[in-house]
Amino acid sequence: MGNDSTATLLQRAIARHMGAPGTVYDLQQLTGGANRTTWSFDADVGGSRQRLIMQLSAAAPEDVPHPLAEISPHPTAEEGAWLMIAAVKAGVPAPKIRAILETSDGLGPGYITERVDGETLAPKILREATFAPARAKMTQQAGEILARIHSIPLSEVPFLKGQTAEEMIDAQRKVVDFYDLHLPAIEWGLRWAADNVPRQARRTVVHGDFRIGNMIVGENDGIRLVLDWEIGQASDPMQDLGWLCVKTWRFGGKYPVGGFGRREDLFAAYEKAGGQSVDPAHVRFWEAFGSVKWAAGCLRLGMRGVEEMGVERCAIGRRIEEPLWDFYELLEGRD
């Protein structure tokens, strides 16, 4: 499907779902990969020019599913759209869905959202002086947003699959076993995780990848939009707080919360916004296990091949030792 055919099909889909004429301008593919593609464009709808984003999932499953394809929950494109609709209803700055694509649209599974300006590159957000006002707000905003995400009634998103901490650890074990790379460091990390699973976990809607890089940030107003809902699930809400603190996602920033804030400020903002009482040891489990999980993620990306995943993602595979080092540093009280 080339750009021309995409534009033609997209115009028809916009006219059908949002309003005529649906004329498309400046269609640009922003990202592309094995799982989904993202397109930016403007369109005429009902006499106004609208700024939009289209995200498309892989059009069809692989003939022979990858053996690790189902180890983690993944909503379908339509389910992901309904999750974002529920998030917006709960007051979360999630993308506003304008249309959910149907088979008859000919574009594959996907949806159209409003387009929001801002920055997603972590080094710019964390280091440039123009983003200092944003950094001063982002910890409180992150706590408030996570409290709202975790307040979404599971009855509104019954399609979300659950995964306990034990099941997540087992999933990373399957990755290591499948690629038969039994590094002592990752083996001990998986054993530590299994021995330290929190026993008092609740079950709520969880974003699953809430971190800098998956946020659109404005220089003065901070977090404008939370992106990438494609691994949303029903799990332990403390997972989201821990994941935000994983050292990989600090991108060299000074502070433990995403490189921009302190843990105690995040926990206080979360509780004040209606989130459950935070046990720092509970979050610490998810932060530590998050590094082990990301090490397995590096292994998985690095082993799937240039042809399938691209050079950039394969290069991530060589970084497997970094999150493992972060894991041991955290256990020894150095972060």
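A cavity here is a set of points, on a 1 Å grid over the protein atoms alone, where a 1.4 Å probe fits but cannot get out, and its lining residues have an atom within 4 Å of a point. What you're looking at is a predicted model, where local features need pLDDT of at least 70, side-chain atom pairs count only at pLDDT 80 or more, and totals for chains, interfaces and linings use all residues. Residues are numbered from 1 along each chain as its sequence is written, and side-chain values use heavy atoms, with hydrogens and water left out.

**The largest cavity**
- The structure holds three cavities of 30 Å³ or more, and the largest has a volume of about 60 Å³ (the space filled by probe spheres set on the grid points, which are joined across faces, edges and corners).
- Its lining has 13 residues, with Lys-247, Arg-250, Glu-287, Asp-326 and Leu-330 nearest the centre.
- Helix α12 (321-331) gives the most to this lining, with four residues; helices are DSSP runs of H or I, at least four residues, numbered from the N terminus.

**The second largest cavity**
- This one comes in at about 50 Å³.
- Met-168, Gly-208, Gln-239, Trp-243, Trp-286, Phe-289, Gly-290 and Lys-293 line it.
- Here α9 gives the most, with four residues.

**Where α7 meets α9**
- The axes (lines fitted to C-alpha atoms over the stretch in contact, with angles from 0 to 180 degrees between N-to-C directions) of α7 (residues 238-245) and α9 (residues 280-303) come within 7 Å and cross at roughly 60 degrees.
- Contact means heavy atoms within 4.5 Å; among the α7 residues meeting α9 are Met-238 and Trp-243.

Terms used
Helix = DSSP H or I, 4+ residues; strand = E, 2+ residues; numbered from the N terminus. 1 Å grid on protein atoms, 1.4 Å probe; cavity = no way out; pocket = protein on both sides within 12 Å on 5 of 7 lines; lining within 4 Å.
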